[in-house]
Amino acid sequence: MLFFLYKRLQSAVVVLFAFSFVVFYLVQLPPGDYADAWAAARAAAGDRVTPDEVENIRQTYGLDRPFLVQYVSWIGSVLTGDLGYSFEFQKPVSHVLSERLPLTLAISFGALFVVYAVGIPLGIYSAVRRQSVVDYSATFIGYIGLATPNFLLALILVYFGQRWFGLSAGGVLSPEFLGEPWTTAKVVDFLTHLIIPVLVLGTAGTAAQVRTMRSTMLDELNRPYVTSARATGLPMRRAVLKYPTRVALIPIVATIGWELTSVISGAPIVGIVLSLPDMGPVFLQSLVNQDMPLAGSILLIYYLLVVIGTLISDLLLFALDPRIRQSVESAR
Amino acid sequence: MTHVLNIKDLTISLAGRPEFQLVSDINLTIARGETVALVGESGSGKSMTSLAVLGLLPPSTAIKSGEIAFASEQFGQLDLSQVPARRMNKLRGRELGMVFQEPMSAFSMVHKIGEQVGEPLTQHFRMKKPAVMAKAAELLDQVGIREPEIAVERYPFEFSGGMLQRAMIARAIACSPKLIIADEPTTALDVTIQAQVLRLLSQVQERVGAGMLFVTHDLAVAAQVSDRVLVMQNGRLVEAGTTRSTLRNPRHDYTKALVAAVPHMAVPGRVARDETTSHDPILTVRDVEVKYPGASSFTGKKAFPKRVLSNVSVTMQRGSIMGLVGESGSGKTTLARAVLGLVPTTKGEIEFHPSQGETQTITGLRPRALKQYWCKAQMVFQNPYASLNPWQTIEETLVEPIVQHGLARGAQARDRARAMLEKCEMPGDAMGRFPHAFSGGQRQRIAIARALVVAPELVVCDEPFSALDVSTQARIIALLKQLRAELDLSILLISHDLAVTSSLCDEVVVMEHGKVVEHGRSPEIFVSPKARYTANLIAAVPRLNPYETPASETAN
């Protein structure tokens, strides 16, 4: 078990390095660099920019050095815990992110929680009470959720949220709480603002999990071991929750890593549409301006989250399925 | 004598459609300590009847009328057809113990054996986990599972089929039930294990003093365990009586047919087949060894390789039917797969001698050459429910190999497929339908047609009858015999059923632990087996008249 964990962490570190290189390369790939982007922005604002000024910027940030040298110096400082200095915000990257990362995490994991807390029980219920009203409704709403793009869903929910529930559109705090100390009222206000982004991010995933859970459950419910469990005197409900559910959870758990990926990659768009002060808008900006330290750090954080998600999924699978446990153990 | 179970005029129909009767007017009594066998083909309603007793009928069916009287310890006299769900849960597992057909699928693979065997104790006596595990180990010990304390912590996929069936029996008797219902408990097992399980069932039944309802399609098995026999056909009882008299003097035509369909072990003095079968081999297997490597891992280490076949040498004559017998795990399937080039051999040679052309060495053949070889050597698989693609029509299934091997195309290929289907005694209009429209026997005919449609010389049949009823089995055997004569086939038949083998094969190879222990002509080898292993196998075969030849004397 510990050995398995160790192996997994080992390979995660290797992939993390490879990934950092690809990230760095990709951000550099478009023609020009931050200095050009800066000059273009100034020129667009009507300022006059001399080539000397541009060259100055380029030297200050070390953008004139060869690609590999830049990469090594960046990754070297990342390893020492220094994420670098954001050109765009004129602040250390860690400052920019520390204001925004918690919100991103709250929204992503909130969405993930909704996906499983709603998806799994609804899937079980839909399978056991097949062709019931709940089953049909779940299917119907699920298809809508799957088919609607997130940004559109965000706009729709903002509209109805405000119309029906008076939820304010965008942001994470109502104006009156801005700059106030954290009181219960402020926390409640904060949480109600999270409802829409979490729903937007979680709907597609929930729909997918309901489908998966329902279909594997339907397969498992007809297996002889369910009848044979009932023959020992287990009531229907307990027999279903104890035996087939555990088997049906296996494909769900196996894909937690992917689900986290899709939630995280969906998050920036939702953040932008809802103008949330999370990492989404910053991420977009940093890519547009080729603000390498910031863009690279954000991508690395996203990747780290995916690695953690995959690890969690592996550990859960381990606990759930003895066959996997055994194959891992025999592989030692 | 007081009855534990007394079924009166039980009728089961489709839910909401009482005119569709699945089981009609069943009457059945079981006394304490008595075993009653319910015999019939699949679809005769025998399993339905047993599930009705447990209150576990599928939701698409319902009890239409009748009474299932049960003398309950907790609640006195009950009619199980009327008992509410809550009370039924108190009876199942405690007073009604059930043993299911396929132990491999009747256990959850992801829960510990101990937890599952102890489930009735958790449920009925509210025992805590450590106590349940301890009691489960005790139960496993009673059914003859070694090292029970370790076994309870293991998972079903680590057990063999026979061990799992023992564990299932342990679960059924966990609360000392008043009635044990066993639904085809040995159908998925091979002969020697079957004999052990049957003996075990009778022992535990005697120990807990329960009545037993034993459902089976195999009359010989019923003869072994039961006091009385009830024969079902199309949802009705057609004959009932003591086991001895019913099997000796069956009155109803259906029972007579069933008795006749039971394959008999070869008897001395049977007409020997013409000895002129010349020495014209079609297949030579020389010193073949197959090793499976242990599971390799990403760390590059390997577990111990497992030797499945060692030094196997066999010669098969053209036009003959050769039987390959042995318990599961004896390597007979591996040998058959090696003959078809499906398993890489680690030593030795396998040669195929076609009627025209040169001898071919199968071992080490490249994929392209193997494909050509498969036009001459084909396989029929064990389970016709799994071996036919449910999404392909019969026509697609049959035409595919013809086209694949470049034998014909379009209408010509279709004609060829239809002709073969008809030769296998299936109507031509079956071509447009899907496998689910057919019964097990019909599916096996289709599977045979698929194998023969490319006109092979050698056909390997891997337990082709084991998923079929006795009477269906008899018809498929007849078909195979007929096809062999018509198409000049050589058949390699894998079977754990010695009775079938003895009646069908010219020669028999007996295997144990990956080695050939005996090889001889069919009648003789069963009459005077030389190897002790063969003698044990023969002794384990259930017989219709166990009174005259006690089957179990030499078995242990």
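**Two chains, term by term**

Mentor: Let's start with chain B: it exposes about 23,900 Å², and carbon and sulfur atoms supply 50% of that. The area comes from the Shrake-Rupley method with a 1.4 Å probe, and for residues only the protein chains shown count as cover. This is a predicted model, where local features need pLDDT of at least 70 and side-chain atom pairs count only at pLDDT 80 or more, while totals for chains, interfaces and linings use all residues. As for bookkeeping, residues are numbered from 1 along each chain as written, chains are lettered from A and ligands numbered from 1 in written order, and side-chain values use heavy atoms, without hydrogens and water.

Trainee: What does chain A expose?

Mentor: Chain A exposes about 16,800 Å², with carbon and sulfur atoms supplying 68%.

Trainee: What secondary structure does chain B have, and why is the chain called as compact as a globular protein of that length?

Mentor: Chain B has 22 helices and 20 strands (DSSP runs numbered from the N terminus: H or I for helices, at least four residues, and E for strands, at least two). Its radius of gyration is 25 Å, close to the 24 Å that the globule rule gives for 556 residues, so the label fits. That radius is taken over C-alpha atoms, and the rule is 2.2 Å times the number of residues to the power 0.38. The C-alpha atoms fill a box of roughly 75 × 55 × 50 Å along the principal axes.

Trainee: And what does chain A look like on those counts?

Mentor: Chain A has 15 helices and two strands, and its C-alpha trace spans about 85 × 60 × 35 Å along its principal axes.

Trainee: Why is Lys46(B), in helix α1 (residues 46-54) of chain B, called buried?

Mentor: Its relative accessibility is 4%, and buried means under 20%, with exposed over 50% and partly exposed in between (1.4 Å probe, protein chains only), so Lys46(B) counts as buried. Leaving aside neighbours within four places in sequence, Lys46(B) is in contact (heavy atoms within 4.5 Å) with residues including Glu41(B), Glu184(B) and His217(B).

Trainee: What makes Thr393(B), in the loop between α15 (384-387) and α16 (394-404) of chain B, count as buried or exposed?

Mentor: Thr393(B) sits at 14% relative accessibility, so it counts as buried. With neighbours within four places left aside, its contacts are Met431(B), Gly432(B), Arg433(B) and Phe434(B).

Trainee: Which class does Ser176(B) fall into, and what is its phi?

Mentor: Ser176(B) has a relative accessible area of 42%, so it is partly exposed. Its phi is positive, about 45 degrees, although Ser176(B) is not a glycine. Ser176(B) is placed in the loop between α8 (161-172) and β7 (179-183) of chain B.

Trainee: What makes a set of residues a nonpolar core, and which members of the largest one touch the most others?

Mentor: A core is a set of buried Ala, Val, Leu, Ile, Met, Phe, Trp, Tyr and Cys residues joined through side-chain atoms within 4.5 Å. The largest has 73 residues, and Leu5(B), Leu28(B), Leu80(B), Leu140(B) and Leu179(B) touch the most other members. Apart from it lies another core, of 59 residues, among them Ala127(A), Ala229(A), Val253(A) and Val270(A).

Trainee: How many residues count as buried in chain B, as a percentage?

Mentor: For chain B it's 55% of 556 residues, and for chain A 46% of 332.
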